[in-house]
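Grab the model and work through these exercises with it open. Each one sets a task and then walks through a solution.

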Amino acid sequence: MSRNPDLERQAREILIRNDRGGYTVPTHGLYPFQWNWDSAFVALGFATFDRDRAWREIETLVSAQWADGMIPHIIFHQQDEGYFPGPEVWATGRTPPTSGITQPPVLATILRQLWEAEGADPACPRMRALYRACLASHRWFHTFRDPLGNGLVMVTHNWETGRDNSSEWDDALARVDTAAVGPYQRRDTGHVDAAMRPRQEEYDRYVAILQFGRECGWDHAAIADRGPFRMIDVGMSMMLLRANRDLLALAEAQGDYEAAGELRARIALSERGMDWLWNEEAGAYCSRDVITGESSGLVTNASFLAFYAGVGSEAQRARLIAALERIAGSARYLLPSLEAGSRAYDHRRYWRGPVWLVVSYMVAEGLAQQGHADWAERIREDSARLIETAGFYESFSPETGEGSGGPDFSWTAAMWLAWCGR
Ligand code: GLC
């Protein structure tokens with residue numbers, strides 16, 4: 001049952017309109033290709049009215065997986081001049097062309113959901129194929145992105161985190177040398193108000209990091225070793241831990257004991273390792289720089305993914321709930337990407353305040369699963385109200401509820417269908 005049949009219809013129409021044949025663009029114009037974690041969430045939306053299409057969305061995504069196991073963050077299925085940096089800038093030499101970095105590993109968790117909703121048949125061929133792809137992708141993370149050997153996830157570009165412009169990356173980005181970047185033409189500010197997008201000097205740094213990867217020929221070992229930007233991201237660390245738990249369930253169902261043993265060891269490692277991100281002063285898990293060892297000290301929406309990952313002592317969880325209470329005191333709508341009053345907070349600017357429903361969804365799922373149904377419900381209700389007042393935007397102001405970024409956004413529509421509109 002939908003709480004609003006008209007919005008239900010609009011949400012389906014957005015997914016159908018953004019469908020480019022086997023994959024869905026996040027929004028028309030601003031993001032004209034297939035994005036990795038967007039597709040995973042979009043599959044949840046499709047699953048509410050077209051199961052076959054849901055599977056296809058992620059099958060198309062993994063069809064671009066690299067031989068080393070990485071699932072790229074963008075797949076350029078077709079040409080589009082309206083986006084920078086396009087395939088010729090990434091120059092990864094792949095067919096179809098892709099970027100050279102990844103995005104948050106939410107796929108295994110969503111795969112498990114699709115599979116369970118269809119009766120959890122261990123012999124399901126579509127699940128089995130996607131399971132193998134997820135396993136290869138998780139092994140890629142374990143091999144190339146765990147430099148400290150503590151089960152956490154290092155990113156080598158802030159775009160990998162999916163929280164592209166979060167102030168967690170500011171200090172590390174400030175050290176990136178942009179002298180050799182050269183001229184280029186941004187496209188994002190031609191689609192949406194520049195006040196909602198990253199500033200020019202920030203964009204130069206993003207491009208400089210990309211250029212480093214390209215100069216390494218996208219050799220992921222070399223980039224992980226010497227890249228100019230290397231941070232342990234709290235969001236991806238939590239999501240990979242959660243995804244390993246879900247992949248383990250799929251491994252066990254199929255009797256893949258070797259992989260199951262390996263995944264159990266990874267899960268235990270990450271559970272122990274997560275304290276490396278705990279910042280006692282902030283009372284939260286915070287992203288931390290591998291090069292300097294410094295914690296960002298910032299409480300973001302990703303900090304609350306601890307519940308989704310199932311980590312934290314009783315005392316740590318109590319402090320996280322206290323932080324949530326504090327944030328609820330200043331934000332009209334939960335869950336802002338950054339707490340009001342924090343350094344660089346801006347309720348309209350990309351990942352420095354606005355609410356993103358996919359992160360809210362994972363946080364709410366985690367809270368519900370860990371015995372905080374009241375908080376989960378509050379986040380769900382606020383998310384529904386944001387769509388009801390503003391429409392299916394990319395993100396929303398936690399203060400006014402106004403939409404920001406692109407309109408008619410696929411994963412926002414998917415979140416209505418699969419979660420907050422139900
Ligand atoms: C932005 C977001 C990223 C998302 C992409 C497409 O780059 O920061 O998380 O995947 O848009 O929606």
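**Exercise 1: Thr412 and its helix**

Thr412 touches Leu357, Ile387, Phe392, Tyr393, Glu394 and Phe396, leaving aside residues up to four places away in sequence; contact here means heavy atoms within 4.5 Å. Before going on, note that this is a predicted model, where local features need pLDDT of at least 70 and side-chain atom pairs count only at pLDDT 80 or more, while totals for chains, interfaces and linings use all residues. Residues are numbered from 1 along each chain as its sequence is written, and side-chain values use heavy atoms, with hydrogens and water left out.

Task: find where Thr412 lies, and decide whether Thr412 is buried or exposed.

Solution. Start with the element: Thr412 lies in helix α16. Helices (H or I, at least four residues) and strands (E, at least two) are DSSP runs, numbered from the N terminus. Next, check the area: Thr412 has a relative accessible area of 1%, so it's buried. Buried means under 20% relative accessible area, exposed over 50%, and partly exposed in between, using a 1.4 Å probe and protein chains only. Now zoom out: ten of the eleven residues of α16 are buried, so the helix is largely enclosed by the rest of the structure. The cover over those buried residues includes α1 (5-18), α2, α14 (357-369), α15 and β8 (395-396).

**Exercise 2: Two partners of α16**

Task: work out how α15 and α2 each pack on α16.

Solution. Take α15 (residues 373-390) and α16 (residues 410-420): they pack at an angle of about 135°, with axes 11 Å apart. Axes are lines fitted to C-alpha atoms, for helices over the stretch in contact, and angles run from 0 to 180 degrees between N-to-C directions. α15 and α16 are therefore oblique to each other; under 35 degrees counts as roughly parallel, over 145 as roughly antiparallel, 65 to 115 as roughly perpendicular and the rest as oblique. Their crossing is left-handed, that is, the near helix is turned anticlockwise from the far one by less than a right angle (clockwise would be right-handed). On the α15 side, the contact is made by Ile379, Arg380, Ser383, Ala384, Ile387 and Glu388, and on the α16 side by Thr412, Trp416, Trp419 and Cys420.

Now α2 (residues 36-46): it packs on α16 at about 35°, with the axes 7 Å apart. The crossing of α2 and α16 is left-handed too. Among the residues in contact are Trp37 and Phe41 of α2 and Trp411 and Met415 of α16.

**Exercise 3: Backbone oddities**

Task: which peptide bond leading into a proline is cis, and which residues other than glycine have positive phi?

Solution. First, the background: most residues other than glycine have a negative phi, and most peptide bonds are trans. The bond from Phe84 to Pro85 is cis, with omega near 0°; Pro85 sits in the loop between β2 (74-75) and α4 (87-90). There's also a cis bond from Leu334 to Leu335. For phi, Ala91 is near 50°, and Trp351 has a positive value of about 60°. Finish with accessibility: Ala91 is partly exposed at 40% relative accessible area, whereas Trp351 is buried at 2%.
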